[in-house]
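These are my notebook entries on a structure that I had not examined before. I set down what I looked up and what I found, entry by entry.

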Amino acid sequence: MVYNLFSIVRESTQQFTGNCSLCGLNAEHLGFCEPCLSAVQRQGQYCQQCGNSLGKQPFGATCGQCLRKPPRYQKLVAATHYEFPVSHAISEMKFEKQLHHIRSFSNLLIEEINNHYQNKELPEAIVPIPLHSNRLRERGFNQSQLIAKHLTRKLQVPLLDHALLRVKDTPHQIGLKAIERRKNLKRAFEIKQTMPKHIALVDDVVTTGSTIQEASKQCLKHGVERIDVWCLAKT
């Protein structure tokens with residue numbers, strides 16, 4: 001019912017600019033109306049390394065899993081949590097070419113990035129997670145690259161959009177368990193361009209982290225020393 005209401009309202013207002021990315025009403029902040037902005041903003045505290053919920057632990061803490069077995073990246077910054085209506089918007093973006101969502105959610109991500117990097121240096125380059133050439137032909141665009149282009153314009157951080165290449169045509173990861181994802185992604189990436197010591201990997205959604213982990217592994221093998229992860233949504 002909520003989905004139908006979102007669709008009806010947006011269709012009736014889509015000819016106007018400055019509308020909320022989700023419901024189509026007047027956008028007051030970052031491409032969202034105030035009610036939709038409240039619905040998509042992350043609540044609570046999250047691990048500064050992997051982005052998982054911390055429950056009642058203090059802000060800036062690291063979760064037990066990262067303390068026991070840290071991921072290959074040092075920081076994860078997410079614009080929002082991957083649940084409705086965010087999950088539906090990202091599905092529209094990827095499979096129905098509703099690319100206006102990229103601008104709105106990227107603006108929200110930029111706000112989170114600015115909060116995380118107060119008095120700290122930003123990465124030296126932004127590297128989008130690539131699609132395999134077959135998937136790119138099928139979809140017509142790489143959503144992570146479009147997100148990265150928006151971020152580099154706003155943050156003035158150089159974009160390296162051909163540094164990382166996806167050489168393995170992995171099946172869709174939706175619904176797969178973590179162990180299956182890791183198996184599919186083994187040796188899926190190659191490095192094609194020299195990268196600086198500190199980079200930000202950009203993706204639309206981070207779920208188990210398998211894609212980011214495998215990409216980070218290749219980057220670290222080729223001279224990168226610190227990897228941060230920026231994404232629109234984290235499960």
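The entries below go from the whole chain to single helices, loops and residues.

**Entry 1. The whole protein**

I noted at the outset that this is a predicted model. I then looked up the secondary structure and found 9 helices and 8 strands. The protein has 235 residues, and 50% of them count as buried. For the surface, I recorded an exposed area of about 12,100 Å², with 50% of it supplied by carbon and sulfur atoms. I also checked how far along the chain the contacts reach. Taking contacts between residues at least 6 apart in sequence, I found that 70% join residues at least 24 apart.

**Entry 2. Helix H4 and its two ends**

How many of the 10 residues of H4 are buried? I found 7, so the helix is largely enclosed by the rest of the structure. The buried residues are Val86, Ser87, Ala89, Ile90, Glu92, Met93 and Lys94. I noted that Glu92 and Lys94 are on this list, and that both count as charged.

I next looked at what precedes the helix. Pro85 is placed in the loop between strand S3 (75-81) and H4. The peptide bond that joins Phe84 and Pro85 is cis, with omega at about 5 degrees. On the other side, H4 is followed by Lys97, which has a positive phi near 60 degrees.

**Entry 3. H4 against H5**

I looked up how H4 (residues 86-95) is set against H5 (residues 100-116). Their axes come within 9 Å and cross at roughly 135 degrees. An angle over 145 degrees would count as roughly antiparallel; H4 and H5 are therefore oblique to each other. The crossing in which H4 passes H5 is left-handed.

Which residues of the two helices meet? From H4 I listed Val86, Ala89, Glu92 and Met93; from H5, I listed His101, Ile102 and Phe105. By class, this contact has 5 nonpolar residues, 1 polar and 1 charged. I kept a general point beside this list: an α-helix has 3.6 residues a turn, so residues three or four places apart point the same way. I also noted that the four H4 residues in this contact, Val86, Ala89, Glu92 and Met93, are among the buried ones.

**Entry 4. H5 against H7**

I followed H5 to a second partner, H7. The two helices pack at an angle of about 50 degrees, and their axes are 10 Å apart. H5 and H7 are therefore oblique to each other. Here H5 passes H7 in a right-handed crossing.

On the H5 side, the residues in contact are Ile102, Arg103, Ser106, Asn107, Leu109, Ile110, Ile113 and Asn114. On the H7 side, they are Gln143, Leu146, Ile147, His150, Leu151, Lys154 and Leu155. I recorded 8 nonpolar, 5 polar and 2 charged residues in this contact. Ile102 meets residues of H4, and it is also listed in the contact with H7.

**Entry 5. Two loop residues with positive phi**

I looked up Gln156, in the loop between helix H7 (143-155) and strand S5 (164-166). Although Gln156 is not a glycine, its phi is positive, at about 60 degrees. Is this residue buried or exposed? Gln156 has a relative accessibility of 65% and so counts as exposed.

Arg187 lies in the loop between helix H8 (178-185) and strand S6 (189-191). Its phi is also positive, near 60 degrees, and Arg187 is likewise not a glycine. Arg187 is exposed, with a relative accessible area of 60%.

**Entry 6. Two buried residues and their contacts**

Ala125 is in strand S4 (residues 125-128). At 2% relative accessibility, Ala125 counts as buried. I listed what it touches, leaving out residues up to four places away in sequence: Val157, Pro158, Leu160, Pro196, His198, Ile199 and Ala200. Ala125 and Ala200 are 75 residues apart in sequence, yet their C-alpha atoms are 6.4 Å apart.

Glu214 is in helix H9 (residues 210-221). It is buried, with a relative accessible area of 10%. With the same residues along the chain left out, Glu214 touches Leu185, Lys186, Arg187, Ala188 and Phe189. Arg187, from the previous entry, is thus one of the residues that Glu214 touches. The C-alpha atoms of Glu214 and Ala188 are separated by 7.6 Å, and the two residues are 26 apart along the chain.

Note on methods
Residues are numbered from 1 along each chain as its sequence is written. This is a predicted model: local features need pLDDT of at least 70, side-chain atom pairs count only at pLDDT 80 or more; totals for chains, interfaces and linings use all residues. Side-chain values use heavy atoms; hydrogens and water are left out. Axes are lines fitted to C-alpha atoms, for helices over the stretch in contact, and angles run from 0 to 180 degrees between N-to-C directions. Angles under 35 degrees count as roughly parallel, over 145 as roughly antiparallel, 65 to 115 as roughly perpendicular and the rest as oblique. A crossing is left-handed if the near helix is turned anticlockwise from the far one by less than a right angle, and right-handed if clockwise. Contact means heavy atoms within 4.5 Å. Buried means under 20% relative accessible area, exposed over 50%, partly exposed in between (1.4 Å probe, protein chains only). Accessible areas come from the Shrake-Rupley method with a 1.4 Å probe; for residues, only the protein chains shown count as cover.
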